[in-house]
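Here are a few exercises to work through with the model open beside you. Try each task before reading its solution.

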Amino acid sequence: MQPFKAYLADESATDALGAALARALQPGLVIYLHGDLGAGKTALTRALLRAAGYTGTVKSPTYTLSEPYRVMLDGKPVNIIHYDLYRMASPEEFLDAGFREDFDGRNVCIVEWPEKGDPVLPPPDVRISLDVSGPGREVELQPLSDLGLLCLDRLAFVPPR
Ligand SMILES: Nc1ncnc2c1ncn2[C@@H]1O[C@H](COP(=O)(O)OP(=O)(O)O)[C@@H](O)[C@H]1O
Ligand SMILES: [Mg+2]
């Protein structure tokens with residue numbers, strides 16, 4: 001499966017990608033977000049949640065590790081759960097918090113620092129990598145399952161210029 005690549009010249013391009021992803025989401029989708037601190041993982045998630053209709057503040061769940069958002073997708077209520085596992089000390093913490101049960105085929109799960117969830121974090125449908133490049137960001141989206149392929153097939157994204 002070919003990855004989809006784009007250059008996000010500024011934050012408005014990240015916002016546009018988040019909005020396109022929000023329109024392409026499927027219930028049960030698991031997205032891993034890779035990239036260094038400041039690459040734009042939280043910015044992309046925030047843009048996605050805004051476009052999905054969430055109007056409140058979206059902060060990085062740095063200390064809580066997870067934050068759920070209830071939105072409507074295609075007229076149906078869906079939880080989008082945003083994780084930031086950067087500060088997770090051990091895989092047991094993930095299991096003890098009951099996070100594994102969140103990955104139930106209905107919730108959309110978006111995970112920053114998935115590396116920290118190894119080996120208990122369920123596998124992704126889509127892997128997104130963000131890299132600082134000049135003033136902007138290189139982004140790569142890789143489908144890793146049929147559901148991920150469906151999502152990226154539906155993704156209508158042309159970077160703004
Ligand atoms: N395409 C882009 N080009 C330049 N700056 C961006 C772009 N997208 C996001 N940013 C900025 O990069 C920073 C990303 O921070 P954040 O989303 O918290 O990173 P992370 O969650 O990956 O640690 C923010 O200051 C945001 O304004
Ligand atoms: Mg972050």
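**Exercise 1.** Is Glu-112 buried or exposed? Then find its partner at the magnesium ion (ligand 2).

*Solution.* Keep in mind that this is a predicted model. Start with accessibility: a residue counts as buried under 20% relative accessible area. Glu-112 has 3% relative accessibility, so it is buried. Next, look at the metal: Glu-112 (OE) and Thr-42 (OG1) coordinate the magnesium ion (ligand 2) at 2.2 Å. Thr-42 belongs to helix α2 and Glu-112 to strand β5 (residues 108–112), so the pair ties together parts that are 70 residues apart in sequence. Finally, check Thr-42 in the way used for Glu-112: its relative accessible area is 16%, so Thr-42 is buried too.

**Exercise 2.** Work out what span helix α1 (residues 11–24) should have, and compare it with the model.

*Solution.* The expected span is 1.5 Å times one less than the number of residues. For the 14 residues of α1 this gives 20 Å, and the end C-alpha atoms are 20 Å apart, which agrees.

**Exercise 3.** How are α1 and α2 oriented to each other?

*Solution.* First take the axes: those of α1 and α2 come within 7 Å and cross at roughly 50 degrees. Angles under 35 degrees would count as roughly parallel, and 65 to 115 as roughly perpendicular. The two helices are therefore oblique, and their crossing is right-handed. Now list the residues that meet: among them are Leu-17, Gly-18 and Leu-21 in α1, with Ala-43, Leu-44 and Ala-47 in α2. Helix α2 (41–51) is also one of the elements covering the buried residues of α1, together with others including β1 (4–8) and β3 (66–73). Those buried residues include Leu-17, Gly-18 and Leu-21.

**Exercise 4.** Which residues does Gln-26 contact beyond its sequence neighbours?

*Solution.* Locate Gln-26 in the loop between α1 and β2 (30–34). At 10% relative accessibility, Gln-26 is buried. Setting aside neighbours within four places in sequence, its contacts are Val-108, Leu-147, Leu-150 and Arg-154.

**Exercise 5.** Look for backbone values that stand out in the loops.

*Solution.* Begin with the usual case: most residues other than glycine have a negative phi, and most peptide bonds are trans. Asp-74, in the loop between β3 and β4 (76–84), has a positive phi near 50 degrees. Trp-113, in the loop between β5 and β6, has a positive phi of about 55 degrees. Asp-74 is exposed, with 64% relative accessible area, whereas Trp-113 is buried, with 15%. The loop between β5 and β6 also holds Pro-119, and the peptide bond from Asp-118 to Pro-119 is cis, with omega near 5 degrees.

Definitions and conventions: Residues numbered from 1 in each chain as written. Chains lettered and ligands numbered in written order. Predicted model: local features only at pLDDT ≥ 70, side-chain atom pairs only at ≥ 80, totals over all residues. Heavy atoms only, no water. Helix = DSSP H or I, 4+ residues; strand = E, 2+ residues; numbered from the N terminus. Buried < 20%, exposed > 50% of the residue type's maximum accessible area, 1.4 Å probe, protein only. Contact = heavy atoms within 4.5 Å. Donors = N, O, S within 2.8 Å, 3.2 Å for Na, K, Ca; no water. Axes fitted to C-alpha atoms, helices over the stretch in contact; angles between N-to-C directions. Parallel < 35°, antiparallel > 145°, perpendicular 65-115°, else oblique. Left-handed = near helix turned anticlockwise from the far one by under 90°.
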